[in-house]
Amino acid sequence: MSPSHDTSPALDVARLSSYLRAKGLGGGQRPTLTPLSGGQSNPTFCVEAGGERFVLRKKPPGALLPGAHAIDREYRVMHALRNTAVPVPRMLAYCDDATVLGTPFYLMEWLEGRVLVDQSLPDMHPDERTAIYSEMNRVIAALHAIEPTEIGLVDYGKPGNYFARQIARWSGQCIKSTLPMSDAMRRLIDWLPEHIPSGEESRLVHGDFRLDNLVFHPTQPKVLGVLDWELSTIGHPLADFAYHCMSWYIPASLWRGIAGLCLDRLGIPQERAYVQTYADATGRDPMAHWDFYMAYNLFRMAAILRGIGQRSVDGTATSTDAALTASKADPLAQLGWECAQRHERLRARG
């Protein structure tokens, strides 16, 4: 992660210092805080004190949408995953006392590694790119192999009807928003509930599994930690995996995508090969309803970006580029509607 120009109110260092001292962290020294980039949601800081370094992640101030910025869930799920095949940073403390820093927050270990943002992985050798993508695939397959009840997450989310509940949730937030809504978004709100595939499977899902939410080893293609679990829940693993694969549909010129790039030359696997690797590892067949999964995820991502845009309008966004990020919502919704139309055409052909 890297320093950013954070717009959230300054934290009370004296109160934080007292809290760290009570938790036996930071050697009793006054901490220094550096804002970190890497998200539009929860303000995140590097905390250094007494020769130790931590990450502090807190709920933003102001009026928030119900269920949003659930840092308590982030802390819980990463703590639950500590002894599994899914790498996560070590959780150090959770504080729900808003008098300390204004909103609840948690502390976790600092992972010394690389956060890679550009999914084309510039300046890497093709073999390195292949290895990075293989490692991402391995980690998400490992996540979807976990039985939530076995790690104490039996009540972490509602099993079953995942798509229906998620579509209703994000549709409701879009409808309540004061921002104008594109025609493609309105069409998806109507279309998605009528085309949910039959069959349900419930697993722990990350909800935002993408390259820049992973910390890689400084030199090796190895994930040291999966970050940003705010949207995690009990859900359908193929919805989670399809979200991870959206980058094959999003042009690099739009936002965080690799569509239109010469993947073979770069050493990045083609979409179908990448999906097959996951299928081989998990025994699941994502392709039977792939266009629906993709339409759903592009809609969901567009809804999330609209939420960022709403916070920008309301003055509660935690990033200076919130409005620019939110502007990607309508193009993503259009891509989603194109997937929905392709789904219809394929079904019509039988």
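## A tour of a helix pair and a sheet

Start by selecting helices H10 and H12: they cross with a left-handed sense. Bear in mind as you look around that this is a predicted model.

**Stop one: the helix pair.** H10 covers residues 290–314 and H12 covers residues 329–349; their axes lie 8 Å apart and make an angle of about 165°. Because angles over 145 degrees count as roughly antiparallel, H10 is roughly antiparallel to H12.

Now show the side chains where the two helices meet. On the H10 side, pick residues including Phe292, Met294, Leu298, Met301 and Leu305. Across from them, H12 brings in residues among them Leu332, Leu335, Cys339, His343 and Leu346. Colour the contact by class and you will find 14 nonpolar, two polar and three charged residues.

**Stop two: the sheet.** Next, select the five strands of the open sheet, which run in the order E1-E2-E3-E5-E4 with antiparallel pairing. At the edges you will see E1 (32–35) and E4 (91–95), each pairing on one side only. On average, neighbouring strands are turned by 25° against each other, direction ignored.

Zoom in on E4 and E5 (residues 105–109), an antiparallel pair joined over four bridges. Which residue in E5 is the bridge partner of Tyr94? Click on Tyr106 to find that partner.

**Stop three: helices on the sheet.** Add H1 (residues 13–22), which packs on the sheet and touches E1, E2, E3, E4 and E5. The direction of H1 makes about 60° with that of E5. Finish with H2 (residues 71–80), which also packs on the sheet, touching E3, E4 and E5. Compare the direction of H2 with that of E4: the angle is about 150°.

Note on methods: Residues are numbered from 1 along each chain as its sequence is written. This is a predicted model: local features need pLDDT of at least 70, side-chain atom pairs count only at pLDDT 80 or more; totals for chains, interfaces and linings use all residues. Side-chain values use heavy atoms; hydrogens and water are left out. Axes are lines fitted to C-alpha atoms, for helices over the stretch in contact, and angles run from 0 to 180 degrees between N-to-C directions. Angles under 35 degrees count as roughly parallel, over 145 as roughly antiparallel, 65 to 115 as roughly perpendicular and the rest as oblique. A crossing is left-handed if the near helix is turned anticlockwise from the far one by less than a right angle, and right-handed if clockwise. Contact means heavy atoms within 4.5 Å. Ala, Val, Leu, Ile, Met, Phe, Trp, Tyr, Cys and Pro count as nonpolar, Asp, Glu, Lys and Arg as charged, and the others, Gly among them, as polar. Two strands pair if DSSP finds at least two bridges between them.
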